[in-house]
Amino acid sequence: MIIADHISKHFNGIEAVKDVSFQVGEGETMVLLGTSGCGKTTTLKMLNRLIEATSGRIEISGRNISEEKPEILRRSIGYVSQNNGLFPHFTVAENIAVVPKLLGWQPGDIQNHTGRWLEQLKLPAHFKSKYPDELSGGQQQRVAIARALIANPPILLLDEPFGALDPVTRASVRKDFAELPVLRETTIVLVTHDVHEALQMGDHICLMDKGSIVQQGKPGDLLLRPVNEFVHAFFGQQLEDISRIYERIRTER
Ligand SMILES: Nc1ncnc2c1ncn2[C@@H]1O[C@H](COP(=O)(O)OP(=O)(O)OP(=O)(O)O)[C@@H](O)[C@H]1O
Ligand SMILES: [Mg+2]
């Protein structure tokens with residue numbers, strides 16, 4: 001469904017992404033994992049041409065995306081940006097309706113679908129007439145997810161979509177999200193720096209560092225067969241922190 005073939009991105013001489021290659025099969029969830037500044041967002045944005053690759057080739061559904069009009073390409077790709085990207089002067093309902101309107105849906109259909117998505121993402125129906133800045137960060141992110149999903153795009157790009165949520169809400173929204181039936185057929189690329197999220201959501205993980213992919217494979221490959229100390233430490237550190245905290249709480253009781 002998605003093939004990235006030796007893609008790179010330079011910003012004024014800075015190599016933000018270096019010679020990255022991966023493939024995402026239909027219905028798979030691929031996670032781009034790594035610390036801040038390693039090139040995750042840049043890689044993701046090259047897939048819908050919000051950023052043009054400096055070199056390399058990207059194919060989506062067998063077509064070279066550089067030959068496609070960006071606005072046509074983006075109709076089949078739902079996108080949740082890192083800062084949620086909601087339009088501040090649009091209500092929640094108007095934000096969610098952006099793509100359906102472009103696609104020429106009837107107002108009644110837009111309303112029905114909007115209601116259904118708000119419900120699925122556990123947002124009260126009366127939020128429809130609110131503006132983004134009247135919502136919490138986590139609620140805004142859920143509206144952004146609804147907006148990206150409403151037209152049922154075959155591909156979904158998610159940049160830290162649960163980033164503004166506290167750990168408890170995050171775990172529950174992530175679980176609800178992962179269980180949405182529509183997502184079983186959707187091909188997803190998810191950006192995160194959270195090892196737990198990557199292990200829970202990813203069929204395939206690309207661990208990035210300084211613009212390059214250090215290791216990619218199934219979650220178990222990275223966890224059990226790290227190719228180097230960096231990969232080992234990246235997973236080990238975050239997982240060990242949790243078990244150490246758990247152990248401390250347990251012994252303090
Ligand atoms: N428009 C730009 N112009 C110049 N440099 C940029 C631009 N966008 C990103 N960069 C640089 O490219 C590198 C990768 O940035 P990117 O946003 O892809 O990182 P990231 O992995 O998404 O980080 P984070 O987890 O903090 O969101 C960084 O060093 C960043 O400063
Ligand atoms: Mg980013």
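## A tour from the sheet to the magnesium ion

Start by selecting residues 29-33, which form strand β3, together with residues 187-192, which form strand β8: the two strands pair in the parallel sense, over five bridges. You are looking at a predicted model, so keep that in mind as you go.

Next, pick out a single link in this pairing. Click on Thr29, and then on Ile188, its bridge partner in β8.

Now widen your selection to the whole sheet. Six strands make up this open sheet, and reading across you meet β6, β7, β8, β3, β9 and β10 in that order, with mixed pairing. At the edges sit β6 and β10 (212-217), each of which pairs on one side only. On average, neighbouring strands in this sheet are turned by 15° against each other, ignoring direction.

For your next stop, add residues 137-149. This is helix α6, and it lies across β6 and β7 (155-159). Compare the directions of α6 and β6: the helix runs at about 170° to that strand.

Finally, select ligand 2, the magnesium ion. Which protein atoms are its donors? They are OG1 of Thr41 and OE1 of Gln82, lying 1.9 to 2.4 Å from the ion. Trace each one back along the chain: Thr41 belongs to helix α1 (residues 40-47), while Gln82 is in the loop between β6 (77-80) and α3 (92-96). The pair is 41 residues apart, so the two donors link distant parts of the chain.

Before you leave, look at how exposed these donors are. Thr41 counts as partly exposed because its relative accessibility is 21%. Gln82 is partly exposed too, with a relative accessible area of 46%.

Note on methods. Residues are numbered from 1 along each chain as its sequence is written. Chains are lettered from A and ligands numbered from 1 in the order in which they are written. This is a predicted model: local features need pLDDT of at least 70, side-chain atom pairs count only at pLDDT 80 or more; totals for chains, interfaces and linings use all residues. Side-chain values use heavy atoms; hydrogens and water are left out. Donors are N, O and S atoms within 2.8 Å of the metal (3.2 Å for Na, K and Ca); water is not among the atoms, so sites may look incomplete. Helices (H or I, at least four residues) and strands (E, at least two) are DSSP runs, numbered from the N terminus. Buried means under 20% relative accessible area, exposed over 50%, partly exposed in between (1.4 Å probe, protein chains only). Two strands pair if DSSP finds at least two bridges between them. Axes are lines fitted to C-alpha atoms, for helices over the stretch in contact, and angles run from 0 to 180 degrees between N-to-C directions. Contact means heavy atoms within 4.5 Å.
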